[in-house]
Every structure is written in C-alpha cells, then in structure tokens.
Amino acid sequence: WDLVCKRAYIAATTQAIFFVGMTVGSVLSGMLSDAIGRKISLGLNSALMMVFSFAASFANSYPLLTVLQFFVGATLTGTMLSIYTYGMEIIGPDKRTLAGNANEVFWTVGNTMIVVIAYFIRDWRWYMRISGLPSILFLVFWRLLPETPRWLIAHGRLEEARDVLIKYGSCSNTKSLDPEMLGNLIHEIRENQLHRARKRGKGFTILDLFRTPKMRKWTLILGFNW
C-alpha cells in the first residue's frame, strides 16, 4: 500500500488502533472471564485471536487490516489476562509468585522469538500466519484444562469444584482428599462468600480501582508499568 513518505502515518495509525484494541480487551475480558469462566474465556480469546490474525494476513485493503488488527489486540489481551488469572486461581498461594513470574518469562521468550521470526520472514502476510500457529497447539491441549475451583465456587457449582480438587489436588499429596470433608469446606467457603456479598450490598466495578488511596496508588503504578 506504499506506506512511505506522506503515507507513512498510516502504518503508525494501524499500530495505534492495535493498542486501542488491547485497551478495550483489557476492560472487557475480565467481565467476560467472570461471566463464562476462566477456561472458556481463555479458549475463546485464543481461538478468536488466531482467526483474526489469519484473516488479517489476507486483508486486501488498509481499512480492513486496521479493523482486524483492533480485534487481534483485543483478543490478545483477553488471552493474556485470562491465562494469568487462571494460573493465579489454579495454584496455591505459596506458589503464586513463582507462577506469575513464570508466566512473564514465557511472555518475554515469546516476544524474543517473534523478533527472530520477523528477521527470517520478511513477508508480513506469512509473518502474521506463522505468529498465529501457536494458538492451534494451545487449543489442542486446552480441552484438558479444568475450570478453576475458585470460579466454580463463586458461581455456586460446588460439586464440580469438589471434583476438580479431588482429581487434581490428590496428585500433589501422598494422601487422598476426603470428599465429604472437602465438600463441607467448599460449602463453608461459599456461605462466607454469600455473607460478604450481602454485607457489601453490591458487586465490584471498575470504579473500585480508584475508590481508596491504596487502590488508586496500585492502579496508577500498574498503569504506568504497562
């Protein structure tokens, strides 16, 4: 499309729209994940990111490419946040710092690999197609992932949460988990959640990120880091 000289700004605009998509995705993906589950949100965002990435590689006009890049950015952020939330909820408190850092290590390695791929593949269409291939591999294994017990309990699906904990929690212990004791504990956790919700009287919104001085400070720091 001759994006040079007086038309050079067009490429920058496409990149800017991509980041706008990431911003929108960061806002909407959390609500989507809360509504339909961590696992489904992760799989859906990953699949859509792959579809939009492949579709963008066949774009025959700049406006179409820009629109598709917006959705690539939105679903990319949705995938990133969903997988981070999934990891934090599926892993015990004492290992969450390690899991969070490991997640960022893979993110860094992936960015490095993208640079190497771009060096050897100079055609942008093939570059976008190849960049979307890892999503296919992920989706093959995605169906093996359990939903997080924390999300299941928060949505009243207590039996499913117990089954997940029995199936996967027992793998890391020499003793099998007692289903009855675990079920009672899960019901107690759910009752505490409902009690706090009734006491609070309303759900959380994005405004809660700025409601207290401490939350405002953390929100500004994280926003600056991003």
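Here are a few worked exercises on a predicted model of a protein chain.

**Exercise 1. Get the overall picture: how many helices and strands does the protein chain have, and what does its C-alpha trace span along the principal axes?**

Step 1. Start with secondary structure: the protein chain has 10 helices and zero strands. Reading along the sequence, you get the pattern α-α-α-α-α-α-α-α-α-α.

Step 2. Now the extent: the C-alpha trace covers about 70 × 40 × 25 Å along its principal axes.

Step 3. Next comes burial, where 28% of the 226 residues count as buried.

Step 4. Finish with contact range. Take the contacts with a separation of 6 or more: 65% of them come from residues 24 or more positions apart.

**Exercise 2. Work out whether Ser53 is buried or exposed, and find what it is in contact with beyond its neighbours within four places in sequence.**

Step 1. Place the residue: Ser53 sits in helix α2, which runs over residues 38-57.

Step 2. Check accessibility. Ser53 has 8% relative accessibility, and the cut-off for buried is under 20%, so Ser53 counts as buried.

Step 3. List the contacts. With neighbours within four places in sequence set aside, Ser53 touches Val72, Met128 and Gly132.

Step 4. Zoom in on Met128: its backbone oxygen is 3.1 Å from a polar atom of the Ser53 side chain.

**Exercise 3. Describe how α2 packs against α5: which way do the helices run, and which residues make the contact?**

Step 1. Get the geometry. Helix α5 covers residues 124-131, and it packs with α2 at an angle of about 165°, the axes being 8 Å apart.

Step 2. Turn the angle into a label. Angles over 145 degrees count as roughly antiparallel, so α2 and α5 are roughly antiparallel to each other. The crossing is left-handed.

Step 3. Name the residues. From α2 come Ser53, Phe54, Ala56 and Ser57, and from α5 come Trp124, Arg125, Met128 and Arg129.

Step 4. Sort them by type: the α2 and α5 contact has four nonpolar, two polar and two charged residues.

**Exercise 4. Do the same job for α2 with α3 and with α6: at what angle do the axes cross in each case?**

Step 1. Take α3 (residues 62-90). Its axis comes within 8 Å of that of α2, and the two cross at roughly 155°. That angle makes α2 roughly antiparallel to α3. Here α2 passes α3 in a left-handed crossing, and the contact residues split into 14 nonpolar, 10 polar and three charged.

Step 2. Move to α6 (residues 133-142). The axes of α2 and α6 come within 9 Å and cross at roughly 155°, so these helices are roughly antiparallel to each other. This crossing is left-handed too.

Step 3. Look at who meets whom. On the α2 side the contact includes Lys39, Ile40, Met50 and Phe54, while the α6 side includes Leu133, Phe138 and Trp142. By type, the α2 and α6 contact holds 11 nonpolar, three polar and one charged.

**Exercise 5. Decide whether Val67 is buried, exposed or partly exposed, and say how far apart Val67 and Thr219 are in sequence and in space.**

Step 1. Locate the residue: Val67 belongs to helix α3.

Step 2. Read off its accessibility. The relative accessible area is 43%, between the 20% and 50% cut-offs, so Val67 is partly exposed.

Step 3. Compare the separations: Val67 and Thr219 are 152 residues apart in sequence, with a C-alpha to C-alpha distance of 29 Å.

Note on methods
Residues are numbered from 1 along each chain as its sequence is written. This is a predicted model: local features need pLDDT of at least 70, side-chain atom pairs count only at pLDDT 80 or more; totals for chains, interfaces and linings use all residues. Side-chain values use heavy atoms; hydrogens and water are left out. Helices (H or I, at least four residues) and strands (E, at least two) are DSSP runs, numbered from the N terminus. Buried means under 20% relative accessible area, exposed over 50%, partly exposed in between (1.4 Å probe, protein chains only). A polar contact is a pair of N or O atoms within 3.5 Å; within protein, one must be able to donate a hydrogen and the other to accept it, and residues adjacent in sequence count only if both atoms are side-chain atoms. Contact means heavy atoms within 4.5 Å. Axes are lines fitted to C-alpha atoms, for helices over the stretch in contact, and angles run from 0 to 180 degrees between N-to-C directions. Angles under 35 degrees count as roughly parallel, over 145 as roughly antiparallel, 65 to 115 as roughly perpendicular and the rest as oblique. A crossing is left-handed if the near helix is turned anticlockwise from the far one by less than a right angle, and right-handed if clockwise. Ala, Val, Leu, Ile, Met, Phe, Trp, Tyr, Cys and Pro count as nonpolar, Asp, Glu, Lys and Arg as charged, and the others, Gly among them, as polar.
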